[in-house]
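Biologist: I am new to this structure and should like to be guided through its aromatic side chains and its overall form. May we begin once the model is in view?

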Amino acid sequence: MTRDFPAGNYRYIPAVFQYSSGVAANADFEIERVRFDTWLPLADGFARIADYILAADRPLTSFCACELRSPAVVDEAGFRKFNEHYVKTLAEWGIFDGTNNPVARSNVCLEIDPPSEPSFYAFSFTRPSLGAKPTFVIAGGAEARGGPGTYPERITRYRETSLDAFREKTRMTMSNMEERLGEFGFSWKDTTATQIYTVQDFHPVVADELVKRGASRQGMTWHFARPPVVDLEFEMDTRRVMREFVI
């Protein structure tokens, strides 16, 4: 089920306090994605994002998605500690109410030349666009099953990286993406971009598990990066966005 976030002119898929599972612009609004040519540490990034959104004559509550780059993978406790810091600004902006967080997010760790601290790679916000085509951002998802339990209990083929295990991990991640797309009534044919995050050799499964299921409709961008929590091996996100800029 999706929920409306009227202050931002979008709806979202509820998930956890850290982020939502995806966002979609309301009618007569569209999502604009902005990527930083030089990544910005969290505090600097939030300040630059605020300047950009306000200059577009939009409220800060229109902030709907972001993509982060972190120095290294962490355990569950470390991940929670980071997120408790991250959501403070969202609360100040009137987005996070202490329980519900509508903002979609991807957060990955580069294997080579990572940033020295968590940094912004890109962000998205909504803006008016009469008669706009539907736009959405599906948050990053990895090979962990939903529901209760620790990551070790929910990760598909935990700590296995064989070809057979990786095929299952990819299938689980694809299922997560398709479920989120379906919540908004969309499918792979509606997407304009898909991103892959892994340091494993995923090429043997590309044709059967990704291309044939439609994930490469507009090609795929591979980032040599790990999901943010230790022992996750494969992450994806996808979107439909017509306006994208680099600043």
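Modeller: This is a predicted model. A suitable starting point is Arg105, whose charged end sits over the ring of Tyr86.

Biologist: How far from the centre of the Tyr86 ring does the charged end of Arg105 sit?

Modeller: A charge counts as sitting over a ring if, among other conditions, it is within 6 Å of the ring centre. Arg105 is placed over the ring of Tyr86 in this way, and the distance to the ring centre is 4.6 Å.

Biologist: Which residue lies over the face of Tyr121?

Modeller: Tyr121 also has a partner over its face. At 4.0 Å from the ring centre of Tyr121 lies Arg69.

Biologist: Which residues form one aromatic cluster with Tyr86?

Modeller: The structure holds 18 aromatic pairs. Tyr86 belongs to a cluster, and the other members are Phe46, Phe63, Phe82, Trp93 and Phe120.

Biologist: How are the rings of Phe46 and Trp93 arranged, stacked or edge-to-face?

Modeller: The ring centres of Phe46 and Trp93 are 5.4 Å apart, and their planes meet at 85°. Planes over 60 degrees apart meet the criterion for one class of pair. The pair of Phe46 and Trp93 is therefore edge-to-face.

Biologist: How many residues apart in sequence are the parts that this pair ties together?

Modeller: Phe46 lies in helix α1, residues 42-55. Trp93 belongs to the loop between α2 (76-92) and β6 (104-110), so the parts tied together are separated in sequence by 47 residues.

Biologist: Does Phe46 count as buried or exposed, and what of Trp93?

Modeller: A residue under 20% relative accessible area falls in one class. Phe46 has 6% relative accessibility and Trp93 has 12%. Phe46 therefore counts as buried, and Trp93 likewise counts as buried.

Biologist: Where in the chain are Phe166 and Phe234?

Modeller: The rings of Phe166 and Phe234 form an edge-to-face pair, with centres 5.5 Å apart and planes at 85°. The pair links distant parts of the chain, 68 residues apart. Phe166 is in helix α4 (residues 163-183), and Phe234 is in the loop between β11 (225-226) and β12 (235-240).

Biologist: What radius of gyration does the chain have?

Modeller: The chain comprises 5 helices and 13 strands, and buried residues make up 53% of its 247 residues. A compact globule with 247 residues would have a radius of gyration near 18 Å. The chain agrees with this, at 17 Å.

Methods. Residues numbered from 1 in each chain as written. Predicted model: local features only at pLDDT ≥ 70, side-chain atom pairs only at ≥ 80, totals over all residues. Heavy atoms only, no water. Phe/Tyr/Trp six-rings, centres within 6.5 Å; stacked < 30°, edge-to-face > 60°. Helix = DSSP H or I, 4+ residues; strand = E, 2+ residues; numbered from the N terminus. Buried < 20%, exposed > 50% of the residue type's maximum accessible area, 1.4 Å probe, protein only. Lys NZ or Arg CZ within 6 Å of the ring centre and 35° of its normal. Rg over C-alpha atoms; globule rule 2.2 N^0.38 Å.
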